[in-house]
Amino acid sequence: MSQLFSPIKLAGLELSNRIVIAPMCQYSSADGSVTDWHMSHLGMLANSGAGLLVVEATHVERHGRITHGCAGLYSDDNEAEMKKVIDHCRRIGTAKLGIQLAHAGRKASAQRPWEGGGPLKNGQDAWQTIAPSSIPFGEGWHTPKEMSLDDIKRVQEAFVDSAKRAVRIGFDLIELHYAHGYLAHSFFSPVSNKRTDQYGSSLENRMRFGRELARAVRAVVPNHIPLGARLSAMEWRNDSFTPDETVTYTKALKADGLDFVDCSSGGITADTRNPTDPGYNVPIAEQVKREAGIATRVVGLIVAPDQAEAIVADGKADMVAMARAVLNDPRWGWHAAAALGTEVQRVNQYLRVGPKLWAPAAQRART
Ligand SMILES: Cc1cc2nc3c(=O)[nH]c(=O)nc-3n(C[C@H](O)[C@H](O)[C@H](O)COP(=O)(O)O)c2cc1C
């Protein structure tokens, strides 16, 4: 029996399987408000066969967006437009619906990828970025303002406000973006955090921003709604935190009320590169799951059904998340179910696609 297609419970939420569509920025919002593009894109992915669809990095303040096209949840208009899309996905799809709340920190004020992906230039409505320390992301990037204690409080409150909006919209799950060099990750990383106050230097101090944030958001997210974080669990550098420190951080976040983590990695500076081997985050996810004892998801070059099945069946992670493979094949979950000889929930309109269609072909292939 497929383990990938077995249900899992996170807080009060049951997912029908362990396939998760990873959050993916679409750079197609208008002042933070999602648009018709999201109606189609998320509507399509809500019927991919995944148990959970996580909406892209959705920023908690206007200047916390990566680009002018990024999604936000900082205004009533943002909330109303997101609600329309989520209500739509719920009406027409099978996946449960999550959202990633984010602040881009020193990687904000950037161009959309197809406009270059670099920092916004003069005349492109650039803005002052913020970070734990006044160190740019890379050569030519904006120099961020070192955050004051008031800035820290303001951003944490913005996360809380956005989380309340997400609960009102009716999301099934909320995840905090603690990865890829964005604000929360840049507090945890000794590469980007050179502070000497209570938010920097020691491990305890570098964990403080993320821990306070987790507790503050947990306080407004009802316990039945799973709350988690996507971590950069590794940085692929020798001068940064260790896997053991990631485990310590995860244990602390669990104590602060998080229900799950997603192990991603990298992104702390413009010149660091992630590995390109299949499932490159699986070893750190396995360590986090084993040592921190929290529901663990893993992401990164997971593309084949038997690969995903083995990760879950071997106990290396509780869930797998996928991004590019699902853009390439938006019915990935259906096709994985067929390949693994199991069934998946489908909407009524598409029920005629199923074992009757693919079983004879599979039978022919076996004989
Ligand atoms: C178009 C695109 C947009 C992305 N946007 C986000 C995002 O909003 N939040 C995030 O945490 N990761 C984002 N990522 C990273 C993916 O979620 C994922 O971690 C990464 O692509 C590795 O998984 P994959 O090998 O399955 O693509 C994005 C990736 C892609 C391809």
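1. Let's start with the lining of the largest pocket in this predicted model. Sorted by class, its residues are 23 nonpolar, 15 polar and four charged. The pocket itself holds about 1200 Å³ of space. Its lining has 42 residues, and those closest to the centre are Y27, K107, H180, Y182 and R230. Try finding these five in the structure above.

2. Which element gives the largest share of that lining? Helix α9 does, with three residues. Both α9 (324-328) and strand β13 (319-322) supply at least two lining residues each. If you wonder how such spaces are found, rolling a probe the size of a water molecule over the atoms shows where empty space is left.

3. Next, have a look at a pair of helices. Two packed helices are described by the angle between their axes and the distance between the axes. Here, α5 (residues 203-218) and α6 (residues 243-255) pack at about 35 degrees, and their axes lie 10 Å apart. The crossing of α5 past α6 is right-handed. On the α5 side, the contact uses L203, R206, M207, G210, R211 and A214, while α6 brings E245, T248, Y249, A252 and L253. By class, this contact has six nonpolar, two polar and three charged residues.

4. Finally, is N238 buried or exposed? With a relative accessible area of 86%, N238 is above the 50% cut-off, so it counts as exposed. You will find N238 in the loop between β10 (227-232) and α6. From I174, N238 is 64 residues away in sequence, and their C-alpha atoms are 32 Å apart in space.

Terms used:
Residues numbered from 1 in each chain as written. Predicted model: local features only at pLDDT ≥ 70, side-chain atom pairs only at ≥ 80, totals over all residues. Heavy atoms only, no water. 1 Å grid on protein atoms, 1.4 Å probe; cavity = no way out; pocket = protein on both sides within 12 Å on 5 of 7 lines; lining within 4 Å. Points joined across faces, edges and corners; volume = space filled by probe spheres on them. Helix = DSSP H or I, 4+ residues; strand = E, 2+ residues; numbered from the N terminus. Nonpolar A, V, L, I, M, F, W, Y, C, P; charged D, E, K, R; others polar. Axes fitted to C-alpha atoms, helices over the stretch in contact; angles between N-to-C directions. Left-handed = near helix turned anticlockwise from the far one by under 90°. Contact = heavy atoms within 4.5 Å. Buried < 20%, exposed > 50% of the residue type's maximum accessible area, 1.4 Å probe, protein only.
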